[in-house]
Structure formats: C-alpha cells, structure tokens
Amino acid sequence: MEQVVVKKTKNNQSFLQKVYRSRVLLLMCAPAILFFFMFSYMPLPGIWVAFVKYNYRDGIFGSKFVGLSNFEFLINSGKLFELTKNTILYNLTFIILGNLLAVFIAILLNEIRNKKFKKVSQTVMFLPYFISQVLVGILVFNMLNYDTGFVNGILSSMGMELWEPYSDPKVWPPIIVLVYLWQNTGYNSVVYFAAIMGIDAEIIEASKVDGANCFQKIRHIIIPSLKPTIVILLLFALGGIVKGNFGLFYNIIGTNSLLFPTTDIIETYVYRATMADFNFSTASAVGLYQSVIGFIIVVTVNYIVKKIEPDYSLF
Amino acid sequence: MKKKMVAALLTTSMVAGLAGCGSSANSSSVATESTGTGGTESSSTVDSSDPWANVDTSEHVVITYMTTGDKPTGEAAETLDATMEKLNAILTEKVNAELEIYYISWTDYLANYNLTLASMDGTVDLVGTASDWLDAWPNAKNGAFLELSEEMLQTYAPQTWASVPAENWELCKYDGEIYLIPEDNYAQWTNHGFIYRLDWAREAGLEDGVHSWEDLTEYFRYVKQAYPDIIPWDSDGTQYSQMAGGWISSHSDFVSIEGLSAGALWGGTKDDLYTVYSPYTTDTESLVEFAKMMKEWDEIGVWQTDVLNNTTSTNRDDYRVGLVAAEQHHTQTWTDLVSHTPANTIYDTDEDAETGFFYFGEETQNVTALSITHGAMAVSAGSQNPERALMVYDLLRNDPECYQLLCYGEQGVSWDLDENGMRITPEGYNSDTQNVNGMTNFWWGRNDDLEVKDATRNWEAIDALYAEYDELKIEYPYGQFVANVDNIQSYISNISEVHNNYMKQIAYGKYDGTAEEIVAEYQEALKNAGIDTVTEELQRQFDELYK
C-alpha cells in the first residue's frame with residue numbers, strides 16, 4: 001500500500017512540491033543536517049593540511065606542499081602496528097562487552113516490576129555517563145594510587161601487601177575496560193530498553209498464553225527482536241574502531257610511560273608527539289590515516305552484513 | 001551499492017571544493033607596512049624630549065602582552081589592577097596606549113602558548129618568548145612573529161635599539177631578519193641543580209654540604225630516616241629530562257644545543273664544541289650508573305611511589321614551609337629560596353635552617369652561561385598595532401617609572417626603598433596578594449640598569465656563587481645556530497617520544513629488569529628512531545655555519 005503511494009507521488013510531483021509536502025519532516029531533520037554539514041563537511045578541505053608544511057601566516061592552502069612526508073613520522077616511529085593494534089583491540093572489547101552488557105541490563109530492567117526501583121536503578125546507572133573524563137581520571141587515581149589510594153588504604157588496614165597498579169602495565173586493560181563499562185553501560189542500555197518497549201505487546205501476550213516462561217520469552221522473543229538494533233549500533237560503532245577514546249586513556253594513564261606498552265593508543269601517542277613539537281600537519285596526517293582505515297572497515301563490514309542479511313545493512 | 005558510494009564520494013568532494021573557496025582568506029593582513037610612517041629618527045638618547053614626536057599616536061590603543069603564568073585572582077588581582085591603572089596612565093600620556101596582560105597558565109603551558117600564537121587573531125601584540133623553553137624559533141619559522149626591521153626598531157624602540165649591542169642583535173636573527181628582542185642586560189643564572197637543606201646535610205655528616213650526586217644519595221637517605229614525615233623531594237613526573245641532563249653535565253664535558261627538542265639531546269664537548277654527538281647514545285656506562293642511582297633513590301623513597309602519575313606538584317612552596325627537603329630547579333630559584341623572604345617561613349620556624357645548592361656540572365666544572373634569548377620579546381604577526389607595541393615595550397624596558405611599576409608594583413604598597421637604596425617590602429606587606437613582581441612575570445626585558453637590589457635576598461651567598469660561576473663558565477656557544485629541522489622533524493618527534501618514555505622510567509628508577517638492560521633498550525630505541533640521522537644532519541648544518 002505504502003509503496004504505491006510513493007510511486008504515485010514520484011510521478012506526479014516536482015521536486016519543490018515534494019519538499020513542500022514533507023516540509024515538517026525536513027524541518028525536523030534540519031538541525032542534524034546543519035550540524036553534520038558544519039562540523040563534518042565544512043572542515044573536510046582542511047584535510048589538505050596533512051600534505052603541507054603548515055605555516056601560520058600562509059594558512060592551510062598557502063603553505064608548501066610536501067606530499068606524504070607528514071606520514072613518515074608515524075611509519076618511522078615503528079609503533080604504527082602496536083598502536084593500531086591496541087586501539088582496535090580496546091575498541092573491539094568496548095563494543096562487544098559494552099553492547100552485550102547493555103542488552104543484558106536492558107532485559108533486566110524490563111523484568112523489574114517495581115516501578116520506583118526501576119527508575120532509581122536506571123538513573124544510577126545513567127549517571128556516570130555525565131561525569132567528565134578528567135574527574136574519572138582523578139577518581140581512578142584516588143582509588144588506586146600507592147601511597148594514599150583507597151584500595152591500598154583498605155589493604156594496609158587489613159595488614160595485607162600493598163598493590164602497585166601504577167607500576168604494572170598488565171593490570172590496566174581490565175581496569176580501563178571496567179571504567180569504560182561503568183561509564184557507558186547505563187547510557188547504552190537506554191537504546192535497547194526503548195527497543196524492548198517497542199516490541200509488540202501482542203506477541204508477548206501470545207507467548208504467555210502458550211505457556212512460555214520468562215527465559216523462553218527472552219530467548220525467543222526479546223533477543224530476536226533486538227537483533228536489527230544490535231546490528232545497526234554495531235555497524236555505527238565499527239566505523240570508529242580506529243578512533244581511540246582519548247579522554248579516557250589520557251586522563252587515566254596520563255604521562256606514565258611505564259604503562260604505555262598496554263595502554264598507548266594512536267590518539268595518546270599523537271598527542272604526546274605532536275603537542276611537544278606543535279605540528280598540526282602530522283596530527284592531521286594521523287587523523288586521515290584513522291579515517292581511511294575506519295572507512296574501509298565500515299564498508300567491509302557492511303558488505304558482509306549485506307551478504308548475510310540484506311535488511312540490516314546500512315547502505 | 002557501488003553507484004551509491006561513487007555518488008557519495010562525488011558529493012563529498014564537491015562540498016569540499018565549495019567550502020574550500022569560502023575559507024582561507026584569513027591571517028596575513030598586517031605584515032610590514034609599518035616602517036613608512038614617521039621620519040627617520042636618528043637612534044636615540046640625544047633627543048630626550050620625545051623620541052616619537054613624529055609618530056602618529058592619535059588613536060588610543062590597547063597593547064596586550066602575553067606571558068606564561070597564572071592569572072591572579074581575588075585581592076591579588078585588585079592589587080594588580082591598581083598598579084596597571086597607574087602604569088597605563090603613564091603609557092597613555094606618553095604613547096596613548098595601555099597595557100593588558102594575557103596569561104598562559106602553567107598547566108600545559110607550552111601547548112596553550114603555541115596554540116594562542118597559532119590562532120593569529122590579533123588577541124596578543126607583545127609576546128614573551130624564549131629560545132630554550134618557549135619555542136621562540138619554531139614559532140618564528142611558523143610565521144607567528146613579525147619581522148622587526150632595523151628602521152622599525154630604531155623608530156619605535158630607540159632606547160632598546162641603542163642599548164642592545166649589534167652582535168646581540170645578530171643572535172636574534174633567523175634568515176637575516178630580527179624576530180626577538182633579547183633580555184641581554186640582566187644577570188641571571190638558570191643552570192639547574194638541587195636546592196637542599198644545608199643544616200640537614202651537616203646533620204647527615206656532610207660538613208661542607210652536598211657536592212656530588214653520591215652526597216645527595218647520602219643526604220636523602222639521612223632525611224628519610226631522621227624525618228620520616230617529610231617527603232625528601234615531592235617531585236612531579238616531569239623532571240626527568242633535567243635530571244638526566246644534569247647527570248650528563250656532571251659526568252662529562254657535554255655542552256647541549258638548546259631549543260631542538262625537550263631533552264637537549266645533542267651538543268658538543270667543551271674542547272670540541274662543533275662536533276655534534278649525543279651523550280645519550282655514547283655514554284652508556286654513565287647512564288647505567290645513573291639508572292642504578294635513581295633506582296636507589298626510588299627505593300629510599302625520595303619521591304612518592306606514583307610519581308609518574310603526579311603532574312602537579314607544590315614542591316617549591318612546600319620547601320618554603322619546610323615540608324620537603326629538596327627542590328630541583330635553577331640558580332635563580334635558589335636565590336629566592338636561600339633568602340629569608342617573608343614567604344620562606346622555614347627561616348622563621350627553624351633558626352638553624354640554611355639552604356645550599358648543588359649545581360649540575362659542579363663535579364666536572366661544566367657550566368654554560370645563559371643564552372641571551374632565554375628571555376626575549378617578540379611582536380605577534382597578528383598584531384594590529386606593532387608600532388605602538390614596540391613603543392610600549394621600549395618604555396617598559398627603559399623608563400624607570402614604568403619599569404618599576406611593572407616589575408615591582410607601586411612603591412609604598414608592593415615595595416619600598418631602604419636607607420641603602422635597596423628594595424624592601426613595606427609595613428603590612430602581604431606576599432600572597434601584593435607581590436606584583438610575581439604577577440606581571442616580565443621576564444622578557446629586565447634591565448640591570450633599572451633593577452633595584454632586593455634587600456631580602458641573601459646577597460652574600462648569591463654573590464659568592466655568581467663569582468664561582470663567572471670563573472667556570474663558558475659562554476653559550478651555539479647562539480647563532482638555528483637548526484633547520486624540516487627534513488628531520490619526524491625523526492626528532494619520535495626521538496623525543498622515545499627519550500621521554502624511557503628517561504621517565506630511568507630517572508625515577510621505575511624500570512623493570514636491570515639498569516644495563518633498560519639503558520640498552522633505550523639506546524636501541526633511540527637508534528631505531530633515527531638519532532644517528534639527526535646527528536649527521538646537525539653536523540652538516542654546523543659545518544655550514546662554523547667552518
């Protein structure tokens with residue numbers, strides 16, 4: 001039925017007429033379009049800065065063209081592989097664990113019958129998302145530092161050996177993942193919770209009539225209905241898989257080079273190396289490198305998804 | 001899908017093209033159209049009435065001066081405002097301009113400093129800068145500073161022009177253009193070392209005080225034992241480069257080239273100044289010894305266990321009140337801490353308190369005098385009023401009234417003269433709120449001709465050390481050398497990164513494994529990052545300049 005309507009309008013109306021018809025929808029889209037245009041498309045020509053020797057007075061387009069020499073820095077460092085690996089592995093963990101946990105929490109929330117308790121626990125989980133990364137870094141430091149930290153305070157009062165996390169690179173991947181989950185799960189679960197709310201109540205009623213128990217309901221109704229949401233969110237997240245969470249890593253690890261083998265991501269490395277020399281060009285070169293890799297990954301994954309389940313792909 | 005993607009790419013590139021046309025037309029504008037105005041004033045001094053009689057100053061302008069430092073707040077800000085009002089009254093009368101201060105706070109100061117310069121929007125006119133600690137040359141090369149032609153300096157800053165000797169102007173040139181006005185008439189020493197409690201060193205059995213790194217170890221060990229509540233040196237994690245550099249100069253004749261990278265990794269030796277090498281790759285044994293000693297310090301507990309995550313430290317203020325036993329900084333800081341000033345309350349609470357200084361290089365008598373561009377003033381290329389900025393600077397640097405207002409504050413409020421003509425603090429002075437000297441941070445044109453000696457300083461100790469330095473010192477030999485790093489920048493970036501990461505662990509004794517292993521690993525990483533390539537290139541540029 002809908003398809004027929006669309007076809008008809010296509011035939012009879014000019015572009016302007018269509019615009020007029022959907023003016024309300026377009027108006028609602030306008031802020032988002034404007035936002036992306038201003039902050040994502042307008043700065044695009046600035047990519048040029050990655051190929052010049054940037055000079056303040058000549059500006060981006062007046063500076064001398066130097067080809068790919070700004071990329072040399074990344075390759076020369078010999079760390080490109082390790083950095084990319086760290087970045088991708090962390091992000092992969094964040095995406096997988098983050099989404100699983102968010103789905104899990106959303107399902108739990110859905111099962112809670114007490115309305116007040118539901119609201120309170122949702123708010124409590126939501127809250128960390130709004131805490132600035134700087135504060136999170138300070139919180140972590142105050143929990144874990146050797147001399148005056150909370151954890152060591154407890155350990156020493158129990159007469160146990162003190163823990164030295166800031167001298168041990170191995171313990172940081174789990175700590176960082178934990179902090180990330182603590183901060184983001186509440187927020188992420190909202191989307192899934194909303195999706196669950198959107199499931200047709202009739203199906204659930206019907207399952208009850210058929211005698212499905214709670215777990216069967218989750219297994220056969222809720223999770224399958226969440227699948228498209230999960231896939232789309234996953235695809236969005238994968239686009240940023242080479243973009244590290246700078247705020248999180250920088251504030252928690254800071255400049256403690258002892259921990260870098262397990263915690264250095266592209267962003268933090270570039271920050272240190274280019275802020276010291278203040279080189280916009282190399283920083284942009286790295287940004288471009290990340291965008292290109294991210295682009296390739298999204299296109300590939302989308303292609304795969306499309307092969308398996310065409311309805312779920314982004315484009 | 002293919003079609004769609006191609007379409008998307010095409011759209012993107014089109015939008016990109018469009019936006020490209022729109023932007024770009026910023027910056028440039030005010031370059032050097034300045035010199036034309038006014039007659040050709042013959043240098044200065046003779047015409048004492050008004051050197052700028054021919055300069056059009058009909059429009060009242062605000063000159064913003066950018067300095068590192070934290071913006072004063074509360075009562076301190078009120079004191080500063082009152083002082084600035086006085087100063088601006090004079091500046092308005094003389095050159096119809098007033099001065100404002102733009103602060104780059106100490107947190108991440110270098111990044112913020114460079115960022116402010118890069119924006120080039122005319123927010124700042126005069127820029128306090130330095131070739132060794134504030135990226136003066138990289139910024140000059142990036143086009144952040146205005147070229148100061150000789151006519152311009154003669155016309156708008158005649159007294160400064162006359163007082164700086166020609167050979168010093170030479171040291172302020174890059175590519176034949178003057179970019180910096182040097183602070184070349186101000187005696188100070190900024191070679192680093194350890195400031196420590198001389199009285200406690202004596203208690204530790206070091207009768208003449210600390211004179212070597214080994215003495216320091218002994219001193220720290222004693223302090224930790226005798227005064228368990230005191231953190232011997234509550235360092236933050238940023239002092240590693242100074243420590244390593246200090247160790248090197250204390251154990252070799254190395255003279256470093258400044259302003260290349262944070263670590264000052266390259267240089268020559270006192271006997272052979274113009275052969276470039278990096279002791280960090282050659283002096284392996286010395287570095288191993290350093291790594292061992294620092295591990296020992298770490299085990300003694302000289303600093304806090306998590307020192308590497310500590311980015312803010314109040315160690316210096318803690319020293320003033322006796323909460324720590326040492327401070328690592330330069331001689332200029334020692335001249336403050338050694339003196340019984342109102343802020344240094346250790347001398348009030350503990351009659352025996354005395355402060356000593358162990359300077360890096362003492363053991364090998366390796367001391368290099370300060371380069372004259374350790375403090376310098378530049379004019380921003382984005383400045384709307386470069387001429388007036390120079391006029392204001394000329395007054396600040398050479399006019400006694402302006403100089404004293406800016407550097408010391410109001411006489412009778414922030415400072416006063418005693419019967420010997422020395423500077424004292426007046427009755428009721430509060431160093432927290434009335435220390436204008438600590439607010440204006442004018443380190444870019446201090447002038448010994450106008451300085452009033454501070455009576456609270458311990459001149460006996462200071463003069464003795466300065467005399468010792470004067471005997472030992474060599475002049476900074478590379479003042480003329482501004483390296484062209486275009487081809488080696490990516491190597492230098494990576495080398496700094498390697499140096500920072502490893503040296504942090506070495507200098508705070510926080511490495512795993514043995515000292516030999518970590519040093520070997522560090523040197524290997526330096527090699528891989530291309531340190532030899534950089535050394536070669538620097539040698540080539542040295543040969544061009546000095547041979």
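The following conversation concerns a predicted model and treats its chain contact, the domains of chain B and selected side-chain pairs.

Me: How many residues does each chain bring to the contact between chain B and chain A?
Reply: Chain B contributes 48 residues and chain A contributes 47 residues.

Me: And what area is buried there?
Reply: About 4,000 Å² is buried between chain B and chain A, and carbon and sulfur atoms give 54% of that area.

Me: How many salt bridges are there between chain B and chain A?
Reply: The count is one salt bridge. B:Glu497 forms a salt bridge with A:Arg272, and their closest N and O atoms are 2.4 Å apart.

Me: Which elements of chain B give two or more residues to the side that touches chain A?
Reply: They are α1 (2-22), α3 (109-119), α4 (136-141) and α20 (489-507) of chain B. The largest share comes from α20(B), with ten residues.

Me: How do the residues on that side of chain B divide into nonpolar, polar and charged?
Reply: On the side of chain B that touches chain A, 17 residues are nonpolar, 22 are polar and nine are charged. As for polar contact between chain B and chain A, ten residue pairs are counted, both residues being at pLDDT 80 or more.

Me: Turning to chain B itself, into which domains is it divided?
Reply: Domain 1 of chain B covers 61-187 + 373-407, and domain 2 of chain B covers 192-369 + 478-546. Taken over C-alpha atoms, the centres of these two domains are separated by 30 Å.

Me: How many residues does each of these domains give to their contact?
Reply: Nine residues come from domain 1 of chain B and nine residues from domain 2 of chain B. The two domains bury about 720 Å² between them, with 50% of it on carbon and sulfur atoms.

Me: Which three residues of domain 1 supply more of that area than any other three?
Reply: They are B:Asp132, B:Lys141 and B:Leu171, which supply 46% of the area that domain 1 of chain B buries against domain 2 of chain B.

Me: How many salt bridges and polar contacts are there between the two domains?
Reply: There are zero salt bridges between domain 1 of chain B and domain 2 of chain B. Two residue pairs are in polar contact across this interface, both residues being at pLDDT 80 or more.

Me: What does the domain 1 side consist of?
Reply: The elements of chain B that give two or more residues to it are α4 and β4 (173-174). The residues of this side, which touches domain 2 of chain B, divide into four nonpolar, one polar and four charged.

Me: A change of topic: how many aromatic pairs are found in the whole structure?
Reply: The search finds 63 aromatic pairs over all chains.

Me: Why is the pair of A:Phe51 and A:Phe71 tilted?
Reply: The ring centres of A:Phe51 and A:Phe71 lie 5.7 Å apart and the ring planes are at 40°, so the pair is tilted. A:Phe51 lies in the loop between α3 (23-41) and β1 (52-53) of chain A, while A:Phe71 lies in helix α5 (residues 69-76) of chain A, so the pair ties together parts that are 20 residues apart in sequence.

Me: Finally, how many salt bridges are there over all chains?
Reply: The count comes to 26 salt bridges over all chains. One pair that forms a salt bridge is A:Glu111 with A:Lys217, whose closest N and O atoms are 3.4 Å apart. This pair links distant parts of the chain, with A:Glu111 in helix α6 (residues 80-111) of chain A and A:Lys217 in helix α12 (residues 214-239) of chain A, 106 residues apart.

Key
Residues are numbered from 1 along each chain as its sequence is written. Chains are lettered from A and ligands numbered from 1 in the order in which they are written. This is a predicted model: local features need pLDDT of at least 70, side-chain atom pairs count only at pLDDT 80 or more; totals for chains, interfaces and linings use all residues. Side-chain values use heavy atoms; hydrogens and water are left out. Contact means heavy atoms within 4.5 Å. Buried area is the accessible area (1.4 Å probe) that two parts lose on being put together, summed over both. A salt bridge is a side-chain nitrogen of Lys or Arg within 4 Å of a carboxyl oxygen of Asp or Glu. A polar contact is a pair of N or O atoms within 3.5 Å; within protein, one must be able to donate a hydrogen and the other to accept it, and residues adjacent in sequence count only if both atoms are side-chain atoms. Helices (H or I, at least four residues) and strands (E, at least two) are DSSP runs, numbered from the N terminus. Ala, Val, Leu, Ile, Met, Phe, Trp, Tyr, Cys and Pro count as nonpolar, Asp, Glu, Lys and Arg as charged, and the others, Gly among them, as polar. Domain bounds come from an automatic or database domain assignment. Rings of Phe, Tyr and Trp (its six-membered ring) pair if their centres lie within 6.5 Å; planes under 30 degrees apart count as stacked, over 60 as edge-to-face and the rest as tilted.
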